[in-house]
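Hi everyone, thanks for making time. I'd like to walk you through one structure today, so have a look at it on the screen and then we'll go through it together.

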Amino acid sequence: MLSAEEQLKVIESGTMQIVPLAGLKKKLAEGRPLTIKLGVDPTSPDLHLGHAVPLRKMRQFQDLGHNVVLIIGSGTALIGDPSGRDSTRPPLTEEQVEANAATYVEQAMKVLDPERTRVVFNGEWLKPLDLARMLGLMGKFTVARILEREDFSNRYKNQQPIALHEFLYPVLQAYDSVVVEADVEMGGNDQIFNLLAGRDLMEKSGMEPQVALTMPLLVGTDGAKKMSKSYGNYVGLTDDAADMYGKLMSIPDELIATYYRLASTLPVDEVDAIEAGLSDGTADPYRLKRELAANICDLYHGEGAGEKAAAAFDALFKEHKRPEAPEVAVELVPNDEGCIYLPPVLVACGLAKSAGEARRLIDGGAVRLNDEPVAPKDYNVDPARVAGAFVQVGKRHAAQLV
């Protein structure tokens, strides 16, 4: 293993808080593989680069020789994490947790080394807890301590309801740390209270307390808000390579270094050099952005995917060529007006998920037939215009009707 100092340089890169830093230095100095814990409640089946930020740090720990435990919250998700919430989170059903967990793990393994990752479900030890054991855990925390949480405190002051079961969440997450004997627990910076609760419970259980390590929230491609599907500024881990590349090319120059540090596979020293070059003006932001996009495409789609995506990007935006388009057979049935209603055609081509989304795309000017734009609200079109048409949505999505 590298020296404690060399490891710490890698670990500290991109982190928000390490509490206590002295505790991590002490653990690293012992020269043994540490147990690194990340707990996730699978609230969604699809992940984006923001979700992958702590996974990238976990992979760095793996590459340094440490053991990684990915805890799927099959028990805690039945409560719902109250972190950052101003209202009670609707709990997931066991069926939802199971379905989301399957895709979460599959996507997480694009970042983590599957052979060195231990995946466990906390429902295995949380669901069997009897009343005596549960009361024992609850007795190690006070209401005053729980109300120190900023979200609980704000809701209490604003007379917003706090369901009693929400108080259980940090206790149960802390108990996860006891069960897996964590040396380090990772999470987003909004998770710091839960991570410190794990320290408290481990210490009160006679164990060496874990170190809390938090990562920042990744700013989305708009350069303004945190990455989120609801804001439309996300890069999905399951996006095809061309989409992923195009979205990454749209990030503001000031985010290039951050994305390299939090989302790429480059070593810390190389990221430091890139950051320095951007700061002193000696680096070419456009070239760096292309290399960043290719690196991330290769990570999630395999070696060479970035190069192909770059060629597709150039064909669209430099050479102004049509995007690749699969041939799609769609039955075109005129309506009472003798026209073809376009929204279901877009759905049949796989260019929209629903007729409603198709109408929004048309109204936004994103749809073209044979390179001619479809006007907003122009949902009914002449059959001759649609038959055998090249249908395009945006710059990168198209279908050839046959």
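Let's start with a pair of residues: Val40 has Ile72 of E3 as its bridge partner. The strands behind that pairing are E2, residues 35-40, and E3, residues 67-72, which run parallel and share 6 bridges. Please keep in mind that what you see is a predicted model.

Now zoom out from that pair. What is the order of the strands in the open sheet? Reading across, we get E1-E6-E5-E2-E3-E4, which is 6 strands with mixed pairing. At the edges are E1 (17-19) and E4 (117-121); each has a single partner strand, so one side of each has no neighbour in the sheet. If you like a number for the twist, neighbouring strands here are turned by 20° against each other on average, with direction ignored.

There is also a helix lying over part of this sheet. Helix H9, residues 168-180, lies across E2, E3 and E5, and its direction is about 145° to that of E2. Just after the helix, in the loop between H9 and E5, we find Glu181. Phi of Glu181 is near 55°, so to speak a positive value in a residue other than glycine. With a relative accessible area of 53%, Glu181 is exposed.

Next, strand E6. Is E6 enclosed or open to the outside? All of its residues, 5 of the 5 in 211-215, are buried, so E6 is largely enclosed by the rest of the structure. As a reminder, side chains in a regular strand alternate between the two faces of the sheet. Here both faces of E6 are covered: one side carries Val211, Leu213 and Met215, the other Ala212 and Thr214, and every one of these is buried.

Who sits beside E6? On one hand there is E1, which pairs with E6 in the antiparallel sense over 3 bridges, and Gln17 has Thr214 of E6 as its bridge partner. On the other hand there is E5, which runs parallel to E6 and is joined to it by 5 bridges. Within E6, Leu213 stands opposite Met186. The connection is worth a look too: E5, helix H10 (residues 192-204) and E6 form a β-α-β unit that is right-handed.

The loop between E5 and H10 holds Asp190. Its relative accessibility is 44%, so Asp190 counts as partly exposed.

One backbone detail for those of you who check omegas: the peptide bond from Val19 to Pro20 is cis, with omega near -10°. Pro20 is placed in the loop between E1 and helix H2 (21-29).

On to the packing. In soluble globular proteins, nonpolar side chains tend to be buried together. In this model the largest nonpolar core has 67 residues, and Met186 is one of those with the most contacts inside it, along with Leu24, Leu49, Leu70, Tyr245, Tyr259 and Tyr300. Which helix gives the most to this core? That would be H14, residues 285-301, with 8 residues. Apart from this core lies another one, of 24 residues, including Val120, Phe152, Ala174 and Leu201. Back to Leu24 for a moment: leaving out residues up to four places away in sequence, Leu24 touches Leu8, Ile11, Ile18, Leu34, Val184 and Val211.

Tyr259 brings us to helix H12, where it is among the buried residues, together with Ile256, Ala257, Tyr260, Arg261, Leu262 and Ala263. That is 7 of the 8 residues of H12, so to a large part this helix is covered. What does the covering? The list includes helix H3 (49-63), E6, helix H11 (241-249), H13 and H14.

Let's look at H13 in particular. The axes of H12 (residues 256-263) and H13 (residues 268-280) come within 9 Å and cross at roughly 175°. H12 and H13 are therefore roughly antiparallel to each other. On the H12 side the contact is made by Ile256, Ala257, Tyr260 and Arg261, and on the H13 side by Val268, Val271, Asp272, Ile274, Glu275 and Leu278.

Last stop, Lys377. It lies in the loop between strand E10 (372-373) and strand E11 (380-381). Lys377 is not a glycine, yet its phi is positive, about 70°. At 59% relative accessibility, Lys377 counts as exposed.

That's my tour, thanks for listening!

Terms used
Residues are numbered from 1 along each chain as its sequence is written. This is a predicted model: local features need pLDDT of at least 70, side-chain atom pairs count only at pLDDT 80 or more; totals for chains, interfaces and linings use all residues. Side-chain values use heavy atoms; hydrogens and water are left out. Two strands pair if DSSP finds at least two bridges between them. Helices (H or I, at least four residues) and strands (E, at least two) are DSSP runs, numbered from the N terminus. Axes are lines fitted to C-alpha atoms, for helices over the stretch in contact, and angles run from 0 to 180 degrees between N-to-C directions. Contact means heavy atoms within 4.5 Å. Buried means under 20% relative accessible area, exposed over 50%, partly exposed in between (1.4 Å probe, protein chains only). A crossover is right-handed if, with the strands pointing away from the viewer, the path from the first strand over the helix to the second runs clockwise. A nonpolar core is a set of buried Ala, Val, Leu, Ile, Met, Phe, Trp, Tyr and Cys residues joined through side-chain atoms within 4.5 Å. Angles under 35 degrees count as roughly parallel, over 145 as roughly antiparallel, 65 to 115 as roughly perpendicular and the rest as oblique.
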